[in-house]
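Me: I'd like to learn how to read a ligand site and a surface patch in a model like this one. Can you walk me through it?

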Amino acid sequence: MTPTDVLPLVDRAVDQAVDAQVADLIVAYLEQLGIEYVFGVPGGAVEPLYNALARSSRRGGPRPVVARHESGAAFMAEGYARETGKIGVCCATSGPGTTNLITGVACAFDNSIPMLVLTGQPALPSFGKRALQESSCTGVNTVGMLRHCTRYNSLVSHADQVENKLANALMRACQAPQGPAHLSIPVDILRSPIVRVTPAYDLKSLLQTDSLVDDISVRALHAEVKRARNMVIIIGGGRSCGEAVTAILELAEITDSCFVTSPDGKGLINPLHRLYRGVFGFAGHACAESVLREGPDLILAIGVSLGEWTSGAWSDTVLNGRLVHIDSSDEHLVRSPMARLHVRGRMRSVCERLVELLRADTPATPPRERKTALLGPADMLQEADKFHSDATPIKPQRLMRELSRRCPPTARFLADAGNSTAWAIHYLYPHDRRRAREGDFRARSAAAAPESDTGWLRVVMDFAPMGWAIGAAIGVARGNPDYPVICITGDGSYLMNGQEITVAAVENLTVVFVVLNDSALGMVKHGQRLAGAEPIAFALPAVDYCLLAQSMGISGHVVRSPADMDALDFEAILARKGPTLLDVRIDGEEVPPMLLRMKALGTTK
Ligand SMILES: Cc1ncc(C[n+]2csc(CCOP(=O)(O)OP(=O)(O)O)c2C)c(N)n1
């Protein structure tokens with residue numbers, strides 16, 4: 001039985017007895033924006049919101065997806081936003097529901113994900129009287145708690161405020177830098193009758209991204225690019241960079257410039273592009289570091305956040321006077337005071353305009369020195385032999401190879417906090433991606449996925465909570481159920497958030513949960529070893545995750561060796577509606593490429 005099957009039974013009476021309420025107006029706004037799902041966990045203080053969602057689901061409008069823990073709900077809303085480009089919506093009841101939500105909201109804040117966070121409160125007249133789960137300023141103050149990880153944050157104290165505050169919240173969530181906006185709404189306000197359920201604002205037009213270009217900056221950029229003899233481009237992550245990537249690759253082609261990506265930008269490109277030189281930053285490739293060190297006279301950083309993981313722990317390899325920084329986010333731009341030029345604006349518009357100017361140049365921008373040939377996995381990867389190793393237990397490097405070659409170009413990979421991120425960033429090497437090979441990047445093959453601005457790999461940067469990928473993968477799959485989603489996670493993360501797999505089951509979503517089972521908090525274990533610290537607090541119990549999945553009615557398999565991978569009918573797994581769990585007993589002695597993290601922690605040079 002699907003959730004939509006259940007709702008009409010529960011709520012028929014409400015439909016007949018209730019006229020339109022404030023909660024219906026909120027849902028009407030979500031509908032206006034084409035938002036299909038609200039991820040959350042219900043409770044008394046948000047009951048009117050769920051009632052409104054029940055009414056809306058019956059007419060094919062937004063409906064709830066019920067998570068097992070509120071942080072999972074926020075991760076799902078993040079995944080949904082990343083996949084669809086819409087605002088992710090999550091909700092929680094007052095008190096513990098909201099405090100549970102905070103980690104997921106904070107993660108979305110750090111990753112600049114547009115999100116609407118709706119939480120409840122008991123009825124206004126009960127404030128200060130020790131109502132159950134009161135969390136206004138006279139209780140455990142959740143509005144206060146969320147202040148530090150939201151772009152807009154307000155308690156609604158009158159029904160007449162709702163529309164204006166909601167419009168404000170949605171607009172702030174979508175403006176660069178994007179992020180979560182929170183409304184805390186008392187239950188009596190959610191339940192208040194309203195006379196009009198049609199939104200007064202046309203938010204679709206108000207939320208459109210502007211494509212104005214600052215022509216003066218772009219001309220200065222054009223002059224820099226024309227002057228350069230050897231330019232290297234760094235491509236960052238996120239949707240705003242994703243929508244620019246076709247123009248960025250064209251720029252690389254016409255100037256014959258090598259490019260590298262930040263860890264979160266890797267999914268936007270085809271790793272088999274002739275001009276690609278790997279990832280710069282956390283878990284990156286030596287060839288990326290060398291191409292940047294080998295003396296380019298211009299480094300063009302486009303959409304690169306320049307935090308610890310994307311700047312090589314603030315390395316002077318990129319943070320120097322050869323840098324030109326292009327971004328829509330002021331927060332990113334202020335991290336590069338040494339840049340010789342900052343170009344602020346929508347990256348797609350800036351790059352398209354730059355390409356136009358270069359194409360119109362007479363005489364044409366002089367061709368640069370022809371770059372060396374394509375670098376394959378053997379040239380790019382650290383310990384490339386392990387990528388091909390037949391050893392048992394299976395090496396994590398080999399597992400990444402297997403996943404890369406067994407998944408179709410439409411697959412979306414998500415890597416969780418911990419070693420999974422490091423393995424995925426360094427070793428995932430899929431062929432024939434949407435961003436086609438050199439020379440034909442604008443020709444999308446008929447078989448390929450429609451252009452997705454978010455790319456084939458999503459990793460969690462900066463805040464990096466364990467278990468993020470589990471919820472986010474479900475949100476991605478919910479946003480786009482037609483393509484398989486591969487969630488690469490650790491056993492520690494799975495023990496923390498793995499219960500969300502049952503949501504993928506209820507929703508019939510094709511998500512393959514690949515659990516790297518090493519009976520350890522692997523990143524902690526290897527971090528301690530690399531730092532020469534005490535070996536402590538990393539051991540996890542041996543758990544059969546396959547049996548655990550099967551106990552929930554979910555298909556599971558144990559993989560111990562590359563031969564076990566061969567024995568799986570991967571095509572059938574990817575074609576099936578519903579999740580699968582692969583309990584992969586990896587070689588836990590393999591050291592992940594995490595030295596940059598050690599450097600940033602000050603435990604190694
Ligand atoms: C919520 C949260 N708690 C703690 C950490 C610190 N931390 C980072 S990685 C890690 C270990 C992850 O272990 P596991 O999920 O098994 O993945 P592995 O590193 O073994 O692949 C820990 C404890 C974190 N990032 N997030």
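Reply: We'll take the ligand site, then a patch on the surface. Keep in mind that this is a predicted model.

Me: Which residues come nearest to the ligand?

Reply: A residue joins the shell if one of its heavy atoms lies within 4 Å of the ligand. Here 17 residues are around the ligand, and Asp-491, Gly-492, Ser-493, Gly-522 and Met-523 come nearest.

Me: Which helices supply at least two residues of that shell?

Reply: Helix 19 (419-427), helix 21 (491-497) and helix 23 (522-531) each do. Helix 21 gives the largest share, with four residues. By character, the shell has eight nonpolar, seven polar and two charged residues.

Me: What should I look for as polar contacts?

Reply: Look for pairs of N or O atoms within 3.5 Å. The side chain of Asp-491 has an N or O atom 2.9 Å from an oxygen atom of the ligand. Backbone atoms take part too: a polar one of Gly-522 is 2.7 Å from a ligand oxygen atom, and a backbone N or O atom of Met-466 sits 3.1 Å from a ligand nitrogen atom. As for cover, the ligand taken alone exposes 590 Å², and the protein buries 75% of that.

Me: Now the surface. Which residues make the nonpolar patch?

Reply: Leu-530, Val-591 and Leu-595 make it, and it covers about 240 Å².

Me: Is Leu-595 buried or exposed?

Reply: Exposed means over 50% relative accessible area. Leu-595 has 54%, so it counts as exposed. You'll find Leu-595 in helix 27 (residues 595-601).

Notes
Residues are numbered from 1 along each chain as its sequence is written. This is a predicted model: local features need pLDDT of at least 70, side-chain atom pairs count only at pLDDT 80 or more; totals for chains, interfaces and linings use all residues. Side-chain values use heavy atoms; hydrogens and water are left out. A polar contact is a pair of N or O atoms within 3.5 Å; within protein, one must be able to donate a hydrogen and the other to accept it, and residues adjacent in sequence count only if both atoms are side-chain atoms. Accessible areas come from the Shrake-Rupley method with a 1.4 Å probe; for residues, only the protein chains shown count as cover. Ala, Val, Leu, Ile, Met, Phe, Trp, Tyr, Cys and Pro count as nonpolar, Asp, Glu, Lys and Arg as charged, and the others, Gly among them, as polar. Patches are made of residues with over 30% relative accessible area and no salt bridge: like charges are joined within 9 Å, nonpolar side chains (Val, Leu, Ile, Met, Phe, Trp, Tyr) within 5 Å. A salt bridge is a side-chain nitrogen of Lys or Arg within 4 Å of a carboxyl oxygen of Asp or Glu. Buried means under 20% relative accessible area, exposed over 50%, partly exposed in between (1.4 Å probe, protein chains only).
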